[in-house]
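Here are some short exercises to help you find your way around a new structure. Try each task on your own before you read its solution.

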Amino acid sequence: MSDRPVTTDSGETPSGTADAGTVVDLTAAPEAAAADVPPELLAQSLGQYARAWWVRVRGGNSGVLPVVLAIVVVAVSFQVANSNFLSALNLVNLFKQSTVYMVLAMAEIFALLLGEIDLSVGLVMAFGSVIVAELVQPTGANFPWWAAIIVALLVCSAFGALQGSLVARLRMPSFIVTLGGLLILEGVAIIILGGSLVSIGNSRFTNEVVLYDIFYGQFDPVVSWILLAVLVGAAGTGFWLRDVRKRRAGLETPPRSLTALKIALMAVAGIAVVAICNVNRAHSGTIEGVPYIIPIVLVVLAASTVLLQRTRFGRYVYAIGGNPEAARRAGVSLPRVRTWGFVLAALTSGIAGVLFASWQVSLTTNIIKTANSYVLLAVAAAVIGGTSLFGGRGKTIHGVLGGLVIGGIYNGLYLLGVSSQWIDVVVAAVLLVAAAVDVLSRRGAPRQA
Amino acid sequence: MTADSGETRAETAGAGAAVDLTAAPDAAAADVSAELLAQSLGQYLRAWWLGVRSGNSGVLPVVLAMVLVAITFEIVTPEHAFLRPSNLVYIFGLSTVYIMLAMAETVVLLLGEIDLSVGAVALVGGVIAFKLVQQSGPDWPWWAAVLASLACCGVIGALQGTLTARLKIPSFVVTLAGFLLFSGLLVVVLGGANGFLSVSSSVPNQRVIYNMVQGVIVPVAGWVALAVVVGAAGVALWLREAARRRQGLVTPPASLTAIRIALVALVGVGVVLICTVNRGTPLVSVQGVPWVIPIVLVVLGAWTLLLQRTRFGRYIYAIGGNPEAASRAGVSLAGIRTWAFALCSATAGLGGILLGSFFFGQYSTNTADPGQLVLYAVAAAVIGGVSLFGGRGKAIHGFLGGLLIGGIAYGVSLLNLGTLATPLEYIVPGGVLLAAVLVDVLSRRGTGSVTRV
């Protein structure tokens, strides 16, 4: 959460470091190598690191800080208004409801990072969910669940490739292409549904049960703890070894204490989540354990983070988002990267579609209205999370956190008995505030005009 | 003119051997469009054709598309009913909201911005006006209700415009949020999800609003009004040209002016003729020009005057063509943009009032889907020939595009497609929108104007 890619931020840090203080350390020297890398990378102690981070936050480059604060504000205010908000039952529900927003927001981020927008993510999600549900129908295609998911994701990706090509090769404005795309998908989805209802709720068919359990199933509490231990252990060891290797190779490495702190934080957050999920949340009987959907979202998050932060493709995405002309002159193939960006957005929306099908269980043409409002929520979640509308700034973790804020607002207002039109009004206001913050923080940063 | 001048020059060089001003690339032609310099009808037509070939085709594509759509639907609809006078009048009523929203959207598109909230704002405007004339409620006179509704919409637009113009938040985000916000507020004003508002033709005050689309001008009055309007417009056009000629300014040939006046008269006679056919039952006759036609024409005229003949209009084209250049030339970008958004929303609000009148004076949450209205509005403007990239387009393009979209929507509904009818309501406008933008993109590419990386 702290070290941001050099490509996106480098230009904004130097002026901030100039007023970092009188302590002589590398992070405070504006003329040093610090000009090209974020000062956190040069910090040699935890104190220096914290100071460098604070300087960066003040320089308008606040990362996940605002959205974490927003989550705290949402949580505290709704807890004050309704003491059930932070109960284990509601927290697990809230998280599960937020997952679709989170995954859709991650999808949107692929387009936003490129400086484009994809208004079709909601409908691609609905389309994917309809395909999955239709394909596993025992009276119809009767595909195995995994084949249905693969087909749905492939179809969604192909649609993304089509839209991406129109945007990237013909340079049609992305919001028009995806607006037209969403209209066409609405029609196609209605045709596939054929005016009837598709359900995956029949417990006699294994394929439907597996799909149903994606949203409604959970690990056994003991298994949940073991999985957490394995996950934190593996990630912690991975981090530690990477730092050790970097140190041995003589590269700039964050202080050991920071790495240890990060691993500890991860473990604490994981333990909290598992502990909350392991509380029995059934009104009668037993429902406890971590829902399957949590690791699923984490896998999507990890995969997209690695893709964007650690691969050449990811660097190209940030480069195009930051300055397309510069990226083009540096030899980046704009049409190809842009097309792939839209493919990834559609693929991720397809994954959201699988979750959505599992969540809704029964799909009717009503999902189209839902899907259309989800587009706005996805954009709002991404922007609230800290992704810039202007391209080149953001990470998929922002989508997850922003999705949690949106899910929290929905859940909280619903608990308070607020009617849906007022919820829309609140979400619109939140989107406007997030966009305004995005614009103002860019204004504060020295790089952009 | 501002928008097109730069593009004419390159093509005029290849105009051919005939020595006339329209063919001279180094003459004053460099700065004005070739049509302005034509001294005979033949030269004018040649210059116009060159403009069309260089991607500057004006209303030609949308008029051709309308003819094509009309012929196609006339052939494929059962009983060949599409071109019946009663259907044509109905199509105009159906298209009214698209026409108004497309004209509203045009002014924002000319700036290179977009307004995704026009649909929701239109409905809010309609609901406000309907609410204010309720006898159980405020019971305002109809004109006060309409003015208040337009003022509210104007303020909404000004707010959105301020956020876009001064805070520099991208317009599609501001108006996306506006769309969500006003879709929610709309339900609140209507009084909940089951809310319902209506105006009745039996209440004198409400009848005016009810009759905006439903009411007709008696045939004789229709003919008299047509004669007066065409006469006045013709004399004004003729006198203006005569004045220009007398002052030695470049003037289009007199024959061209005559043809234009004749065309206007011809279209007018055609419209009044169609409207005068009895479209009711033999027992209850309904004939005459619906009030909505002059209402829409007045708005069209107002927008055309504002955009083509005032400083405000020139500034809009200047900003849409190149904001940096406009700013350096002393144009207040923020002021013009805010006003444009305000006028856009007010026009949309009027569209919303007309929409309620079209639905026999009834407003509920099912009257129209604000999201679909926006899509149709943007599609209509772009199909009509307004560029998405700013600086190119006129109010008439929104008008024609709206009529085309309404025609398509009605034609599809005539086809008795059963289960395919609903999906096609989405697929057809989506496909048409993509096709229109494709043409816009490709025609820009042909002109050598700036393309995006």
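The exercises below concern a predicted model.

**Exercise 1. How far to trust the model**

Task: Find which stretch of chain B has a pLDDT below 50.

Solution: Start with the scores for the whole model, which are ipTM 0.73 and pTM 0.80. Next, take chain B, where the mean pLDDT is 84 and 88% of the residues reach 70 or more. The stretch we want is residues 1–31 of chain B, where the pLDDT is below 50. In the model this stretch has 55 contacts beyond near neighbours in sequence. Take care here, because predicted coordinates should not be read in detail where pLDDT is low.

**Exercise 2. Chain A at a glance**

Task: Describe the secondary structure and the burial of chain A.

Solution: Begin with the elements: chain A has 19 helices and two strands. Then turn to burial: of the 449 residues in chain A, 49% are buried. Last, look at the contacts in chain A with a separation of 6 or more: 75% of them join residues 24 or more positions apart.

**Exercise 3. Where the chains meet**

Task: Say which element of chain A gives the most residues to the side that touches chain B.

Solution: First, the two sides: 37 residues of chain A are in contact with 36 residues of chain B. On the side of chain A, the elements that give two or more residues are α9 (174–193), α15 (324–329), α17 (366–385) and α19 (420–444). Of these, α9(A) gives the most, with 12 residues. As for character, this side of chain A divides into 26 nonpolar, six polar and five charged residues.

**Exercise 4. Inside the cores**

Task: Name the residues that touch the most other members of the largest nonpolar core.

Solution: The largest nonpolar core has 245 residues, and A:A378 and A:A380 touch the most other members. Follow A:A378 outward, leaving aside residues up to four places away in sequence: A:A378 touches A:Y101, A:L104, A:A105, A:A107, A:E108, A:V121 and A:G122. Another core, of five residues, lies apart from the largest one and includes A:Y49, A:A52, A:W53 and A:L258.

**Exercise 5. One face of a helix**

Task: Work out why the buried residues of α10(A) line one face of the helix.

Solution: List the buried residues of α10 (residues 206–216) of chain A: A:N207, A:E208, A:L211, A:Y212, A:I214 and A:F215. Now look down the axis of α10(A): the buried residues fall within an arc of 140°, so they line one face. Among the elements that cover them are α6 (88–113), α13 (293–310) and α16 (334–360) of chain A.

**Exercise 6. A helix pair**

Task: Find the angle at which the axes of α13(A) and α18(A) cross.

Solution: The axes of α13(A) and α18 (residues 396–415) of chain A come within 8 Å and cross at roughly 150°. On α13(A), the contact is made by A:V297, A:L301, A:S304, A:T305 and A:L308, and on α18(A) by A:T396, A:I397 and A:V400. These residues divide into five nonpolar, three polar and no charged.

**Exercise 7. An unusual backbone angle**

Task: Locate A:N142 and decide whether it counts as buried or partly exposed.

Solution: Most residues other than glycine have a negative phi. A:N142 is not a glycine, yet has a positive phi of about 55°. A:N142 sits in the loop between α7 (121–135) and α8 (145–170) of chain A. With 13 C-beta neighbours inside 10 Å, A:N142 counts as partly exposed.

Definitions and conventions. Residues numbered from 1 in each chain as written. Chains lettered and ligands numbered in written order. Predicted model: local features only at pLDDT ≥ 70, side-chain atom pairs only at ≥ 80, totals over all residues. pLDDT = per-residue confidence, 0-100. Contact = placed C-beta atoms within 7 Å. Helix = DSSP H or I, 4+ residues; strand = E, 2+ residues; numbered from the N terminus. Nonpolar A, V, L, I, M, F, W, Y, C, P; charged D, E, K, R; others polar. Core = buried A, V, L, I, M, F, W, Y, C linked by C-beta atoms within 7 Å. Buried ≥ 20, exposed ≤ 12 C-beta atoms within 10 Å, placed from the backbone. Arc of directions from axis to C-beta. Axes fitted to C-alpha atoms, helices over the stretch in contact; angles between N-to-C directions.
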